[in-house]
Structure formats: structure tokens, C-alpha cells
Number of protein chains: 2
Amino acid sequence: MPKLRLYAVILAFLCVPTGWATTDTSYSQADVETAILLRDDAMSGTRAWNIVESLTTEVGPRLAGSEAEARARDWAVENLTRYGFENVRVEPFMIEGWRRGAETAEVVSPFPQTLAITSLGNSVATPANGVEAEVVLFESLAALRAAPDDSLKGKIAYVGHAMKRTQDGSSYGHFVRLRSAGAVEAGRRGAIATLIRSIGTDSHRMPHTGNMSYSSDVTPIPIAALSNPDADQLERMAQRGQSIRVKLTLTPSYTGVVESGNVVAELPGSDLADELVVIGGHLDSWDLGTGAIDDGAGVAITMEVLRRIKEAGLKPRRTIRLVLWGSEEVGLLGGYAYADKHKDTLRNHVVGTESDFGAGRIWKITRSINEQAKPVADKIAELVEPLGIAPGSNSARSSGPDLSPMNAQGFPGFRFVQDGSDYFDLHHTPDDTLDKIDPAAMDQNVAAYLVFVWMAANSNVSDWGWPAEQ
Amino acid sequence: MPKLRLYAVILAFLCVPTGWATTDTSYSQADVETAILLRDDAMSGTRAWNIVESLTTEVGPRLAGSEAEARARDWAVENLTRYGFENVRVEPFMIEGWRRGAETAEVVSPFPQTLAITSLGNSVATPANGVEAEVVLFESLAALRAAPDDSLKGKIAYVGHAMKRTQDGSSYGHFVRLRSAGAVEAGRRGAIATLIRSIGTDSHRMPHTGNMSYSSDVTPIPIAALSNPDADQLERMAQRGQSIRVKLTLTPSYTGVVESGNVVAELPGSDLADELVVIGGHLDSWDLGTGAIDDGAGVAITMEVLRRIKEAGLKPRRTIRLVLWGSEEVGLLGGYAYADKHKDTLRNHVVGTESDFGAGRIWKITRSINEQAKPVADKIAELVEPLGIAPGSNSARSSGPDLSPMNAQGFPGFRFVQDGSDYFDLHHTPDDTLDKIDPAAMDQNVAAYLVFVWMAANSNVSDWGWPAEQ
């Protein structure tokens, strides 16, 4: 669309003499008009869905540190190069690998039947023949924590919770603590294994995986998630008052130190080329699904943003950097590796945001920026308002999971909040597949990102709110 | 609710002198009033959901011929006896057993990833190490049938289809032919295995199982169903034009001759006790889910109908017989066993119907009855009309799957047609679980069955349309 540039120039020319131009000097009216053209053109249809279709079909599941994640990096490098971006490269880093094994569970008595489960990421294995024990049920992590030490000796702990769907996904942060800490809390009390209700909001026989961690002062015990219908079933059995025995077999393994990596590509800037506006998504996914919403969508939305700017023949003042992070799911390892590798140039990152909350429409902006950046940020908000996006809080220092290590060091927050009403139905399950994505919602995301990226890369504001250097 | 009987008597008494009574002599106004009381009382809440909760929780999956199906018969006998029904008994019969084994599939090249599959019921196994071959894709059973003999030599056939959801489920009868005949048609052309798109309407990673059969003139080959998202994935891969190799491992086994059985219970009639009105559902289920909608719901709805008549202290003229069929899923074997065992008294079965299309609301009646039964059948239709049920065709000689062997011999058809818009989302998948059932919809079913059963058991019509004896 080279015609875009021409339109932008004509419109900018028309606006100035008629007094439509802003009096604020933090951005140019020409850039506003370009942003509008980019936005409206995206709303008439983008290739974002085609990109996520390609990644999920040709690579499929891509667990951190696996051969499949390496194929995803190859896929990214090939496509980013084909799109004509510059400085396309892999920035490798090493992680401790983990691989899923067999995973089965069954109620042995009093009501024999199988249960749909999945191992949590990083769980230790049971013995190859499994473990069989009585189950002790807790309604929440708090209830488990209230149990005395050694009270679960030789038992399997089951822990439920009451997570419900929310639009912004904010309750996940609370309820996910059960996934992270359940094995430690049960192990501390003598349990030989832990089962949790999936951290999810659906009612399908799809257990939700996700990362967990151990504590050096507690012997690691295996942990798996039951699907919500299976958790319901176990709780109903327990209401009958008889002792329930479950056999659990999990055979995951640690694969030693393996390679992961971030993939980086750029549209170089002109007069402010050293300054960076950064967007991206994470390339790795859990192994159960094909990682369409988590986070093929974010990868595709942000790749398409750069592709459209490039194809329009537009040249930004600042460098627009795309980062496709690796090993997000296993502890934001790509985000930490990036912040470490680029530690000497972190303050060159003016502003940025990661797309990592599925493929739903954006409905809100949150940020943590200074007064200087407010005019351009407010203009961005005004320009995306026709997409159904409203301004939110200015007290959220978050730019997404993989930028959070930078946020922790003062990188100003900016985030497009997507509608995640169904996100935790699919999150970390086999059901995270392409058919769950609405292409039109992806187009709306691309349109909003285009406005943000173009305005941020071209404004006169280079300081969005990094704290003063010590 | 013994008060029900009193109300009925009072109302009948009130009606006669005021001229409200029907002039038709095929049923009494007292029975109409009783039917209305039974109906309205059911709509204020029944125990049907509690019954299916008990079956699905305490027994769970109950594959035909399995130890679990035997436990389901024990459960039925215990509960039917507890409810105070008479002649509670198991009518055993023998079947050829089949048991699921391991089942895995993966794309080996060009895009390595696993596929969610399940073995169809009665499939032979692959070698223990699986088979690996190129996949040849067909868009439909018709397209497979058009392929020349020997054209699939050494290949795996994949066959898709275009089934879409319908309210009455009527397209299942057409599309299920692929499940039944796919292995024979592919085997006839030299294929070593068959994959089909699940006969289902959902988009979850839940493959749909179901019975298949072989033909004596074609070497049996293994057959499995892909979930719909996995079928989409395979078809997308094929669009890329490269040869696709899949490895398939299925290890089901035949377990020899094993016992199954129908469970029968009765509310004995008075002056017409030899004549039967029969209702029921099937006790067996597929092994992947807990058989809540298929057919725990039908079992529970019809058990609750008898329970409520008994608890109201009502005594029907004809015997109301409940049959909970076994081994429906593997070829209506309980239905055939019943028709055979009772062959000398088939014509004592005046009318009846099986509940076996999930737990959704009834919206239509279909039937195939004679002129003599029309007044009482029309009155039943009038009495269930306030439940949102409309009269349908009088040319459907079906009373449900397990009564179809009797229908084939002339048993008049009568069926309450349930809303099955989501039935084939769940049918024969792991997702057929209790959480999918709306208790209020079950109450509406119970209310309709109560009207039917009470009117049919008490009318003056003993011939609903059996053809004249030869």
C-alpha cells in the first residue's frame, strides 16, 4: 500500500492551513493521519489470522526447550526475513528442560472410573507403576494451608477453588497460586501427590496444565490437574462420605540443559534509530494444544503490525523492534534473558507492549506513564476509541509478561487489555487451537497496535516515564 | 403425594355434572385431571437429575459387556427395588465383548505433532508398534467410494464429512454411515487403516467414538476418529500439497463372550394388567464419558416417571413396564434380546417409547398410530402442549432405538422428540458428563412422560396400531 504514504502527505498538507492541526507539539498531525489510515486499512482485513494459521499448522505445539520450539524459531526467522525486516536474529539462551510423559488417574474405590488429568509443568514423576492412596479433599489453597504438618502423611491431597470467568482475567493471578504452590503445601504436610482442580473456567474434560515450582525445604511430590468436570465428580464422590482411593501415574522427565531463544526483527528508525518501540508475543506454547490463543495470536498480531508498516513504505523515526519470546510459559525465561542481554540499552526502550492474552478484542488501555508522554498517549487513546477501546488506569506498570522484567526496572507500562471472557476456558488445554480464533477480532488488535506503534515511534516524546537514573 | 389421587377424584366428580367431561369414550376425564396434576407437579421440580447424578457418579462409564455395566445393573436393581416397584429383575443375554486399548496418532512429517483420536467401537487393533503410512484424504464417504479398487494400497485413508447441527438430529442417520462403513470401504481399496472426522458437531479436542462394523469379504483394518479440530488441522496440512505421513497405534481387544442384560421393573396394572405400556432408557454408555446425556438422562427421566406415579399412590389399569436396556451402543443388542425373549407377548405391548436423545427439552411428538388411538393420542398432545410440545408426523414408526426391533414387527410408533441442537457436540465423547444437563429440562421431560404414560395406561384403547395378525 504505498498509496498510504501519499494520502498521509496530502491530508497533512490539507489540515495545517485549515487549523485542524493539534497545537500540541508532542506529535505531528501527519502522523495522526497516517495512524488513522493504518487503522482503517487494518479494519478492512489483515493477514494476522493467516500468520497464526501458518504457525499453528506447520509447527503446532511448541514446548519451551523442545525441538518443536526450535522449529518455531526457524519458522519465525524464515517469515520475518521474507517480510523484509532487518536485523532478524535468534538470541539464544539455555533453560532446564522438562518433558511430559504418560499421565493417568483412576478412582480405585468406591466408584471405579478413570479421571481426566494432566501433569503440571515441572512436576516430578510418580514411580513408573504410579501411586495409590486415599484422597483428602480441600476446598481451597487456604484450607490446605490450614491443615497441620504431617496431617497428609501417605495421602493424596486434592485441592479445589472457586475461580470464575472475568473479562480482564484478573482473578487468574489469585487462583493460579494453587497451581504454583499446591505441591509444596501438600508435600510439607506429608502428602505423596497432589491433585488440583484445573485453573480454568470451562466445563470440558480438558485439564489445564501450567507451570509449578518446588521449594528447597520440601521434598518434591508429583502434581496434576483434573478437568473441571472430573473435579466436580471427585467432590460429588466425597459428599457420599466414603474413603476415596485414587491411583495416579505421571512419568514426566527433566531433559537437562537445553536451548531456547528469542527471535528479534526490526524496522530501523531514521533520526531516532537508537530509540526503540518494542512489541511482540511469545513463540513457545504448552504442549497440549497448538498454542493458537496462547500465544500464536500475539505473535501473529505483532508480526502483522510490522508487516503492514513495511508494506506501506512507511519509515518510522524510532526503531520498531519485534521480539518473539521463547520459554515464556516456564517462568518468563525469554523475558528475563532479553532484559539481561540488553541490560546496557534498556533505557533505549521508550515504550512497548506484549500481546499475550488471546485473540479477543481489545477493550481497554492501562499504562503507567509520565506527564510528558500524556499528550501522545491520550491521542493514541482517542485514535483507538472508534475501535471500542476505552482508557483505563494510569497506575499499571505492566507491558505484558515478557516485558515485566523490564517493567520491574522502571520501563513504563502500556498495555492493550483484551477481552478474556473465554480465555481461561481454553488456556493451557488441548483445546487451544486455531478454530477458537475470530479473524475480525485479530484485525481490531492489529489496528490498535498500528496506531500505538506509529504514534510512539514518531512522536517528539522519548521519555514515557523511566525513573530518574540513580 | 397421595393427595393427588384425592384431587383427581374431586375434579372428576366436579366436571361430570357441569358438562366439562369429554364426549369421547376412549379416556376418562378423571384420568385427564390426574395427568394434569402429575404434569404440573413434575414441572415444579423432580428428582430426575438426582437419579442421573447417582448413576453417573457412583457407576460412571459403563461399556456394554463390561464389569461397569454389571455394576450399573446392580445400581438399577437396588434403586428400583428401593422405590417399591414390582417384578424387578435382570434379563441377561450374552454379547461379544470389546475393550479399548491405547490409542495414539501423530503426524510424522512434514509437520510433526500429535493428533487427538479415539478408536471406534469394534475396531481391530494395529500392530502393537502401530502403523505408519502416507495419508490419502477424501472429503466424504462418497468420494472414498469413488476411488478405484487397490488405489489405497499401503496407505491410511482419511475421510471427512460436512455434518452440521440440527434440532432433531436427523442428519446423524446420514453422516454416521461413514463411521459404520468407513473401514470396509477403505479396506476394500487396500488401505491399512482408516481415520475419519468425528461424527459430531463441536469444535473441541474430543474425538467421538461409536460402533463400526466389518464385512466378511474385506480384511478388517483399524479405524479411529479424529476430533474436529484435528480433522481441520490434517485438512489444512493437506492444502499445502506435501505428502503427509501419520503413525497410528490402536490396541483394542475382543474379550470373548460376556454377559450383558436388560433390567426390568413394573407398576402392575389392575383390570388390564396383561397389557403393557413400556418406557425406559439404556443403561450402557460409551466408555469415554460418564454417559450422562447418553443415556443416563433417559434412564433417570423414565425411572422418575414410575417413581412419581407410585409415590402418588396411583394404580394404573395397564401394567407400566420400565426397561433399562443393556448394550444399546454396540448394536441395540438389549433391544433385540428383549424382543426375542418376549416374542410371544409382543402384542401385549400396547404402546411405549424410549428416552434416548439426551436431556434437552421435548419439542415435538411423532407417531404411527391407528384411528382408534387417535383421540387419546391427540388428548396427550393437547395436555403436553403447555410444555411447549407440538404435534408432528403420524408416519414415524419409531419408539426409540431399543424398541425399534419391535417397531420392525409392527409395534406402533410414539416418540417424544427432544431438542438435540447440542447433542452431537457431546455424543460419544469424554465430555458426556453430568455438568451438561439442565435439571429443569429433565423436569419437562418427566412431565410429558407422565401425561403419556398415565393416559396410555388408563385409556379404553388397547390397540394403537399393531397390524392385523397374519
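This is a short tour of a predicted model with a chain A and a chain B, one selection at a time.

**Stop 1: the two chains together**

Start by colouring chain A and chain B separately. How are the two chains related? Rotating by 180°, with 0.0 Å of shift along the axis, superposes chain A on chain B, and the RMSD is 0.0 Å. That is the relation of a two-fold axis. In general, two copies of a chain are related by a rotation about an axis and a shift along it.

Now select the residues where the chains touch. On chain A there are 19 residues in contact with 19 residues of chain B. Which elements of chain A should you highlight here? Two or more residues each come from α3 (48-58) and α7 (228-239) of chain A. Of the elements on this side, α7(A) gives the most, with 5 residues. Colour the side of chain A that touches chain B by class and you will find 6 nonpolar, 7 polar and 6 charged residues. The same surface serves both copies, since 100% of the contact residues of chain A recur in chain B.

**Stop 2: α3 and α8 in chain A**

Stay with α3(A), and add helix α8 of chain A, residues 292-311. Their axes come within 8 Å and cross at roughly 130°. α3(A) and α8(A) are therefore oblique to each other. The crossing of α3(A) past α8(A) is right-handed.

Show some side chains next. From α3(A), pick Ala48(A), Ile51(A), Val52(A), Leu55(A) and Thr56(A). Among the residues they meet in α8(A) are Gly296(A), Val299(A), Ile301(A) and Glu304(A). By class, this contact of α3(A) with α8(A) has 10 nonpolar residues, 2 polar and 1 charged.

**Stop 3: α2 and α13 in chain A**

Next, select helix α2 (residues 29-43) and helix α13 (residues 439-458), both in chain A. At what angle do these helices pack? The angle is about 165°, and the axes are 8 Å apart. So α2(A) and α13(A) are roughly antiparallel to each other. Here, too, you are looking at a right-handed crossing, with α2(A) passing α13(A).

Zoom in on the residues of α2(A) that take part, including Thr34(A), Leu38(A) and Met43(A). On the side of α13(A), look for partners including Ala447(A), Leu450(A) and Trp454(A). The contact of α2(A) with α13(A) is made of 10 nonpolar, 3 polar and 3 charged residues.

**Stop 4: a five-stranded sheet in chain B**

Hide chain A and turn to chain B. An open sheet of 5 strands runs in the order β1-β10-β12-β11-β13, and its pairing is mixed. Which strands stand at the edges? They are β1 (86-99) and β13 (349-354) of chain B; each has a single partner strand, so one side of each is left without a neighbour in the sheet. From one strand to the next, the twist averages 20°.

Select β10 (residues 253-267) and β12 (residues 318-325) of chain B: these strands run antiparallel and are joined by 5 bridges. One pair to label is Leu267(B) with its bridge partner in β12(B), Ile320(B).

Now bring the helices back. Helix α8 (residues 292-311) of chain B packs on this sheet, touching β10, β11 (272-282), β12 and β13 of chain B. The direction of α8(B) makes about 145° with that of β11(B). Helix α13 (residues 439-458) of chain B packs on the sheet as well, touching β11, β12 and β13 of chain B, and its direction makes about 160° with that of β11(B).

**Stop 5: β2 and its partners in chain B**

Select β2 (residues 103-109) and β9 (residues 245-250) of chain B, which run antiparallel with 6 bridges between them. Then add β3 (residues 113-115) of chain B, joined to β2(B) by 3 bridges and also antiparallel. β2(B) and β3(B) form a hairpin, with 3 residues between them.

Click on Ala105(B). Its bridge partner in β9(B) is Leu248(B), while in β3(B) Ala105(B) stands opposite Leu115(B).

**Stop 6: a three-stranded sheet in chain B**

Finish with an open sheet of 3 strands in chain B, in the order β15-β14-β16 with mixed pairing. The edge strands are β15 (390-391) and β16 (413-418) of chain B, each pairing on one side only. β14 (residues 362-368) of chain B runs antiparallel to β16(B), with 6 bridges joining them. For a last label, choose Arg367(B), whose bridge partner in β16(B) is Phe414(B).

Definitions and conventions: Residues numbered from 1 in each chain as written. Chains lettered and ligands numbered in written order. Predicted model: local features only at pLDDT ≥ 70, side-chain atom pairs only at ≥ 80, totals over all residues. Axes fitted to C-alpha atoms, helices over the stretch in contact; angles between N-to-C directions. Helix = DSSP H or I, 4+ residues; strand = E, 2+ residues; numbered from the N terminus. Parallel < 35°, antiparallel > 145°, perpendicular 65-115°, else oblique. Left-handed = near helix turned anticlockwise from the far one by under 90°. Contact = placed C-beta atoms within 7 Å. Nonpolar A, V, L, I, M, F, W, Y, C, P; charged D, E, K, R; others polar. Least-squares fit on C-alpha atoms with pLDDT ≥ 70 in both. Pairing = 2+ DSSP bridges.
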